[in-house]
Amino acid sequence: MKFFVDSADVEAIADLNDLGMVDGVTTNPSIILKSGRDIKEVTREICEMVSGPVSAETVALDADGMIGEGRELARIADNIAIKVPLTWAGLKACKTLSDEGRMVNVTLCFSANQALLAAKAGATFISPFIGRLDDLNLDGMDLIAEIRKIYDNYDFGTQILAASIRSANHMKEAALIGADVATAPPNVIKSMANHVLTDKGLDAFMLDWAKTGQKIL
């Protein structure tokens, strides 16, 4: 499973990228607001650092507006994935932009039917939002499983990009189901390394090592 970082924090992305943990980056208007930076400036900086897709989101609500904004965002770098919402206008924009050879990430997906439409429209990525379904007492992973089944049934090339990930457990479940990509904040990706038994075992080793009185360097 590919790891995308859901952030515009350049330092946090760089830290993970140095470890080979970054296959791409996703942003949205809320993330850009949190960064406090100009969308084109911060997106360009991320694109220069990361070789994989970097999603930049349009904000127009009509298809022509999305297409125009998408083309403008695509000028930032060759690895831009234009992000459009899963509305009828967004699907029209997806079709046009994908026909032009551009990567398109269709976001805010909450049903398998929506994901099927996005695949038919030529989406590069479909972004089902796990956490927001969980907030409604629905199991977001059920949606990932449904999309995986449909896409496999018909050999769609659209990649399932599990989004709105809130925990390391979400990452594990998305990988088990077969999501192609998972996008998560830096702290969630780092939390995947944590385990209480690892900490306990390390503490015991350090106590025993201190008793040996030895040094390696």
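**Entry 1: lining of the largest pocket**

I looked up which element contributes to the lining of the largest pocket, and found that H2 gives the most, with five residues. I note here that the structure is a predicted model. Helix H2 spans 29–35, and both this helix and strand S5 (103–109) supply at least two residues of the lining.

I then asked how many residues line the largest pocket, and which of them lie nearest its centre. The lining has 27 residues, and those nearest the centre are Asp6, Ser7, Asn28, Ser30 and Ile31. By character, I recorded 10 nonpolar, 10 polar and seven charged residues in this lining. For the space in the largest pocket, I entered a value of about 650 Å³. As background, I wrote that rolling a probe the size of a water molecule over the atoms shows where empty space is left.

**Entry 2: helix H1**

I turned to H1, which covers residues 10–18, and listed its buried residues: Val10, Ala12, Ile13 and Leu16. Viewed down the axis of H1, these buried residues fall within an arc of 165 degrees, so they line one face of the helix. I found Glu11 and Asp18 exposed on the other side of H1.

Next I asked what the buried residues of H1 pack against. Their partners are two strands, S1 (2–6) and S2 (24–26), and two helices, H3 (39–49) and H10 (186–191).

I also examined both ends of the helix. At the start of H1, a side-chain oxygen of Asp9 comes to within 3.2 Å of the backbone nitrogen of Glu11. Just after H1, I noted that Gly20 has a positive phi of about 75 degrees.

**Entry 3: Thr183**

I located Thr183 in strand S8, which runs over residues 181–184. Is Thr183 buried or exposed? I entered Thr183 as buried, because its relative accessibility is 3% and the cut-off for buried is under 20%.

I then traced the polar atoms around the side chain of Thr183. This side chain reaches the backbone oxygen of Phe4 at 3.4 Å. A polar atom of the Thr183 side chain also lies 3.5 Å from the backbone nitrogen of Asp6. I had already recorded Asp6 among the residues nearest the centre of the largest pocket.

Finally, I listed the contacts of Thr183, leaving aside neighbours within four places in sequence. They are Phe4, Val5, Asp6, Thr26, Leu161, Ala162, Ala163 and Ile165.

Definitions and conventions
Residues are numbered from 1 along each chain as its sequence is written. This is a predicted model: local features need pLDDT of at least 70, side-chain atom pairs count only at pLDDT 80 or more; totals for chains, interfaces and linings use all residues. Side-chain values use heavy atoms; hydrogens and water are left out. On a 1 Å grid over the protein atoms alone, a cavity is a set of points where a 1.4 Å probe fits but cannot get out, and a pocket is an open set with protein on both sides within 12 Å along at least five of seven lines; lining residues have an atom within 4 Å of a point. Grid points are joined across faces, edges and corners, and a volume is the space filled by probe spheres set on the points. Helices (H or I, at least four residues) and strands (E, at least two) are DSSP runs, numbered from the N terminus. Ala, Val, Leu, Ile, Met, Phe, Trp, Tyr, Cys and Pro count as nonpolar, Asp, Glu, Lys and Arg as charged, and the others, Gly among them, as polar. Buried means under 20% relative accessible area, exposed over 50%, partly exposed in between (1.4 Å probe, protein chains only). The arc is that of the directions from the helix axis to the C-beta atoms. Contact means heavy atoms within 4.5 Å. A polar contact is a pair of N or O atoms within 3.5 Å; within protein, one must be able to donate a hydrogen and the other to accept it, and residues adjacent in sequence count only if both atoms are side-chain atoms.
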